[in-house]
Amino acid sequence: MLYLVTPEPFHPLMGPLGGLCLGFCTDYRYKTAMNCFGALMLGTGIYGLQGAVLLRIVDTLLGVIFGLVIAALFHRLAAVRLLRPADADS
């Protein structure tokens with residue numbers, strides 16, 4: 001929304017401004033928002049507004065899927081190697 005309401009000459013400065021605001025954030029939640037904002041603004045110059053938003057959404061979904069797959073594999077490997085069946089000890 002901010003991108004659409006600001007004047008065109010201000011758009012190239014919004015990415016570095018998001019990075020500057022990132023340095024002033026103390027909470028992880030706000031750092032994540034400022035990092036996303038800065039990345040979207042820099043990506044907008046390369047891919048356009050719709051392309052940058054779509055790329056950010058797809059990358060986030062791929063990251064979540066990859067994280068879930070790794071967590072499932074780790075859980076399965078940890079269960080097999082670390083947790084022995086109860087009747088194996090007797």
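Patches are made of residues with over 30% relative accessible area and no salt bridge, and nonpolar side chains are joined within 5 Å. The exercises below apply this and related terms to a predicted model.

**Exercise 1. Determine which residues form the nonpolar surface patch, and which helix gives the most to it.**

Solution. Begin with the members: Met-1, Leu-2, Leu-4, Val-5, Leu-49, Val-53, Ile-57 and Leu-61 form the patch, with about 820 Å² of accessible area together. Next, assign them to helices: α1 (2-5) and α3 (28-82) each supply at least two residues of this patch, and α3 gives the most, with four residues. Finally, examine one member, Leu-61, which lies in helix α3 and counts as exposed because its relative accessibility is 52%, where the cut-off for exposed is over 50%.

**Exercise 2. Compare the span of α3 with that of a straight helix of 55 residues, and locate the kink in α3.**

Solution. First take the reference value: at 1.5 Å a residue, a straight helix of 55 residues would span 81 Å, whereas α3 spans only 33 Å between its end C-alpha atoms. Then look along the helix for a bend, and a kink of about 120° is found in α3, centred on Tyr-47. As a further distance within the model, the C-alpha atoms of Val-69 and Ala-52 are separated by 26 Å, these residues being 17 residues apart along the chain. Val-69 is placed in helix α3, and it counts as partly exposed because its relative accessibility is 44%.

**Exercise 3. Carry out the span comparison for α2, and then state which residues of α2 are buried and what they pack against.**

Solution. Start with the length: α2 has 14 residues and reaches 21 Å from its first C-alpha to its last, which is close to the 20 Å expected at 1.5 Å a residue. Turning to burial, His-11, Met-14, Gly-15 and Gly-18 are the buried residues in α2, and the buried residues of this helix pack against α1 and α3. Two of these names recur in the loop between α1 and α2, where Thr-6 is placed: not counting residues up to four places away in sequence, Thr-6 touches His-11 and Met-14. Thr-6 itself counts as buried, because its relative accessibility is 15% and buried means under 20%.

**Exercise 4. List the buried residues of α3, say what they pack against, and follow the contacts of Thr-44.**

Solution. The buried residues in α3 are Gly-38, Leu-40, Met-41, Gly-43, Thr-44 and Ala-52, and the buried residues of α3 pack against α1 and α2 (11-24). Now single out Thr-44, which is placed in helix α3 and counts as buried because its relative accessibility is 7%. Leaving aside neighbours within four places in sequence, Thr-44 is in contact with Tyr-3, Leu-49 and Ala-52. Of these partners, Ala-52 is also among the buried residues of α3, whereas Leu-49 is one of the residues forming the nonpolar surface patch.

**Exercise 5. Find how many salt bridges the structure holds, and classify the partners as buried, partly exposed or exposed.**

Solution. The count comes first, and the structure holds one salt bridge. The side chains that meet in it are those of Asp-27 and Arg-29, with an N to O distance of 3.2 Å, which satisfies the requirement of lying within 4 Å. For the classification, Asp-27 is partly exposed because its relative accessible area is 28%, while Arg-29 counts as exposed because its relative accessibility is 58%.

Conventions. Residues numbered from 1 in each chain as written. Predicted model: local features only at pLDDT ≥ 70, side-chain atom pairs only at ≥ 80, totals over all residues. Heavy atoms only, no water. Patch = residues over 30% accessible without salt bridge, like charges linked within 9 Å, V, L, I, M, F, W, Y side chains within 5 Å. Areas by Shrake-Rupley, 256 points an atom, 1.4 Å probe, with all protein chains shown as cover. Buried < 20%, exposed > 50% of the residue type's maximum accessible area, 1.4 Å probe, protein only. Expected span 1.5 Å × (residues − 1). Bend = angle between axes of the 7 residues up to and from the residue. Contact = heavy atoms within 4.5 Å.
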